[in-house]
Amino acid sequence: AADETEAANHYAAAARRGYARAQNNLAVCYADGRGRAPDSRLAVQWWKTAAASVSIPKHDDRCLVLRR
């Protein structure tokens with residue numbers, strides 16, 4: 001759990017700097033409750049931010065959540 005929190009902290013720092021992959025990874029952290037408290041609202045917010053930053057590959061399974 002400590003490693004997941006540390007990873008989420010690094011993703012958050014990079015996400016705030018505009019790195020789309022980090023934004024996507026941070027969204028996964030929020031969606032799965034890994035290193036962050038589960039929060040679907042923040043997960044969707046970060047996925048939208050990542051999508052606006054750069055095109056996320058369509059094969060990325062996490063993007064399917066937005067369709068539900």
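This note sets out the main points of the structure in order.

1. The model is predicted: local features need pLDDT of at least 70, side-chain atom pairs count only at pLDDT 80 or more, and totals for chains, interfaces and linings use all residues. Residues are numbered from 1 along each chain as its sequence is written, and side-chain values use heavy atoms, with hydrogens and water left out.

2. On confidence, the average pLDDT (the predictor's confidence in each residue, from 0 to 100) is 87 for the chain, and 79% of the residues score at least 70.

3. The chain holds three helices and zero strands, where helices (H or I, at least four residues) and strands (E, at least two) are DSSP runs numbered from the N terminus. Among these elements, helix H2 (residues 20-32) has the highest mean pLDDT, 97, and helix H3 (residues 40-53) the lowest, 95.

4. Of the 68 residues in the chain, 31% are buried, that is, under 20% relative accessible area with a 1.4 Å probe, protein chains only.

5. The largest nonpolar core (buried Ala, Val, Leu, Ile, Met, Phe, Trp, Tyr and Cys residues joined through side-chain atoms within 4.5 Å) has 14 residues. Helix H1 (2-16), H2 and H3 each give two or more residues to this core, and H2 provides the largest share, six residues. Ala 15, Leu 26, Tyr 30, Trp 46 and Trp 47 have the most contacts inside the core.

6. Leaving aside neighbours within four places in sequence, Leu 26 is in contact (heavy atoms within 4.5 Å) with Ala 8, Tyr 11, Ala 12, Ala 15, Arg 36 and Trp 46.

Technical notes:
Buried < 20%, exposed > 50% of the residue type's maximum accessible area, 1.4 Å probe, protein only.
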